[in-house]
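Trainee: Please take one part of this structure and explain it to me closely, giving the meaning of each term as it arises.

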Amino acid sequence: MSIFRKKGRSGEKIETQWSTAMRNFRKDKMALTGIAIFVIILIVALVQTMLNPKGWSTLTTDFAKPPSWHHPFGTTDSGLDLMSGCLKGALQDLIIAVIVSTMALVIGTAVGAVAGYFGGLLDSVLMRVVDLLLVVPLLTILIVMSNIFSSGGGSPLAIALLIGFLSWTYISRLVRAEFLALRERPFVEASIALGASSWRVITRHLIPNAIGVIMVNTTLTVAGAILLESTLSYLGLGIVPPAVSLGMLVQDGQGSATTSPWQFFFPAGLLLIIVLCVFVIGDGMQAAFDPRNARRRK
Amino acid sequence: MATDSTDTTRSPVLSVRDLVVHFQKKSSLPFAKPTSVVHAVCGSSFDLFPGETLGLVGESGCGKTTTGRAMLQLAEPTSGSIKFDGQELVGLSRKEMGEIRQNLQIVFQDPFGSLDPKMTVGQSIAEPLAIHGRWTDEEGPGLVAEAMRHVGLDPKFASRFPNEFSGGQRQRIGIARALILNPKVLILDEPVSALDVSVQAGVINLLADLQEKFGIAYLMIAHDLSVVRHVSDRVAVMYLGRIVEIADKVDLYSAPQHPYTQALLSAAPLADPKAERQRKRIILEGDVPSPTNPPSGCRFRTRCPKAQDICANEIPDLIDRGQNHAVACHFPEAMKII
């Protein structure tokens with residue numbers, strides 16, 4: 001309801017859940033460091049890819065050169081600038097992660113909300129679908145599916161949609177559990193007594209009260225998506241050249257890990273740092289949204 | 001509250017006949033038959049007249065809250081009839097019921113749980129307007145401010161969140177939310193039982209003022225006999241899903257006829273220590289039987305000092321025994337308790 005602005009009419013400051021969470025979050029040095037590193041990587045990757053869009057596709061005569069001023073991350077066996085590749089790959093991974101986590105957020109919340117709020121047969125059917133997706137190892141499905149997709153070119157978007165389509169189960173279970181607890185709360189009944197529709201109850205009351213759980217787990221899905229894409233690319237089932245991802249670079253570089261270690265360690269290290277950053281941010285959000293933590297942290 | 005006692009020539013605003021609400025305990029296995037049925041409300045009938053307060057008392061688990069919830073279809077009636085202004089509510093679709101809800105509102109027991117913690121107080125109070133499409137950006141804030149003033153809250157607090165308010169203030173917010181649509185009937189589900197005694201009086205007086213101002217009829221569900229006595233025009237006593245006695249307040253408190261009412265009244269403490277020491281208390285034996293397996297005939301017979309064979313075989317009807325004093329007992333007998 002956009003009836004009243006968050007700020008009082010008399011101008012007094014209002015403590016919303018968001019502002020409390022953000023205040024807690026700002027005190028969390030680990031999470032702030034995570035965000036800072038993450039943002040720096042993102043900006044560097046963006047700037048580099050924009051200034052030098054052909055960096056990864058321009059062949060040079062420097063074959064497998066160690067890091068130098070000219071090639072800060074060294075070059076690959078085939079004479080490509082590894083820094084361009086790493087940054088482009090990181091950007092590609094992040095785009096995939098955003099698509100995946102958005103899909104997981106939307107599908108997971110919708111399925112969890114419907115299952116948790118309406119219950120009954122609908123809940124049973126939806127949760128069995130979730131169980132099905134959970135028991136069959138995700139990687140197996142992905143490998144089979146990506147084979148089909150790869151024949152179509154293995155485009156980053158196809159990979160993202162594929163992973164996204166399979167990554168919502170975790171969020172849906174959490175949202176369902178949260179809704180099961182919330183729908184028994186008296187304010188939900190009060191709203192129903194007033195004549196609110198199910199849509200209104202879900203969107204105005206239940207989702208705002210479950211937003212902490214949803215946000216935290218969407219963030220964690222980002223990390224999961226990056227790792228999954230890397231795994232797929234590592235297995236050669238993900239992104240296909242000329243597109244590039246960190247997983248693909250790791251796979252390319254692992255053969256030369258002993259002879260020209262930079263080919264392996266730069267992409268792998270970047271991958272590790274990005275995923276770590278996302279986990280730390282997710283952890284920080286978890287603590288920020290949990291009111292019991294708010295007190296302890298003071 | 002309204003002083004004139006019920007006039008039978010007036011037509012009731014809310015009329016309940018033979019209301020039955022059963023809850024089925026579902027088996028955890030799918031497709032299995034329900035294992036047991038809780039007989040929460042079993043054939044309750046009563047009328048609520050415009051502008052009056054009907055107190056509904058009874059111990060926990062006797063079905064008084066379920067009765068209130070059934071009025072709003074928060075609990076689905078198994079059978080029976082609920083008429084609001086002559087219109088049958090049982091079996092109405094959600095949409096049709098929506099119209100009724102504007103005139104039939106509820107205030108909940110728990111002032112801490114019944115407000116959405118993520119909504120400002122103003123948003124909570126305005127929600128009924130938004131739900132029924134009556135919110136406009138021009139008039140809405142004024143209506144909210146007016147409702148807040150009616151319940152004794154400063155409208156400038158509209159932008160605060162519920163956690164900044166005390167229990168009594170929150171209950172006032174809940175009342176404002178129920179009032180904003182100008183309902184004809186307000187169901188008060190133990191509106192003060194969660195509050196401190198000092199705060200209770202304030203909320204009860206507020207409810208009385210509002211009734212006087214707007215002529216709302218209250219169905220006041222409570223277990224506190226002294227609160228009910230203070231607030232109600234008429235009182236209905238429930239035991240195990242049935243109304244056992246219903247009468248004008250004065251009649252019921254001065255000359256209760258049902259043995260359960262007598263026992264209930266004798267358990268309420270008196271303010272006068274001398275009278276308290278002298279009076280005879282009626283101690284009931286045993287516990288309330290389980291509503292999943294209620295006794296045959298009169299439901300009170302297992303604990304009634306007057307029980308005879310007929311009580312096990314025949315369900316006593318709620319019969320008017322003069323002056324709108326209806327009793328459901330085979331052996332009614334007026335007795336002075338207080």
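Mentor: The answer below concerns one helix and its surroundings.

This is a predicted model, in which local features need pLDDT of at least 70 and side-chain atom pairs count only at pLDDT 80 or more, while totals for chains, interfaces and linings use all residues. Residues are numbered from 1 along each chain as its sequence is written, chains are lettered from A and ligands numbered from 1 in the order in which they are written, and side-chain values use heavy atoms, with hydrogens and water left out.

Let us begin with the helix α3(B). Helices (H or I, at least four residues) and strands (E, at least two) are DSSP runs, numbered from the N terminus. Of the 11 residues of α3(B), 10 are buried, so this helix is largely enclosed by the rest of the structure. Buried means under 20% relative accessible area, exposed over 50%, and partly exposed in between, with a 1.4 Å probe and protein chains only. Among the buried residues are B:Val121, B:Ile125, B:Glu127 and B:Leu129. The buried residues pack against α4 and α5 (167–179) of chain B, and also against α8 (186–194) and α9 (198–234) of chain A. After the helix comes B:Gly133, with a positive phi near 65°.

The packing against chain A leads to the interface. Here 35 residues of chain B are in contact (heavy atoms within 4.5 Å) with 29 residues of chain A. The two chains bury about 2800 Å² between them, and 60% of this lies on carbon and sulfur atoms; buried area is the accessible area (1.4 Å probe) that two parts lose on being put together, summed over both.

The rule finds two salt bridges across this interface. A salt bridge is a side-chain nitrogen of Lys or Arg within 4 Å of a carboxyl oxygen of Asp or Glu. B:Glu127, one of the buried residues of α3(B), forms a salt bridge with A:Arg200, at 3.2 Å from N to O. On the side of chain B that touches chain A, the elements giving two or more residues are α2 (94–101), β6 (104–107), α3 (121–131) and α4 (140–150) of chain B. Of these, α3(B) gives the most, with seven residues.

Finally, consider the partner. Chain A has 12 helices and zero strands, and 48% of its 298 residues count as buried.
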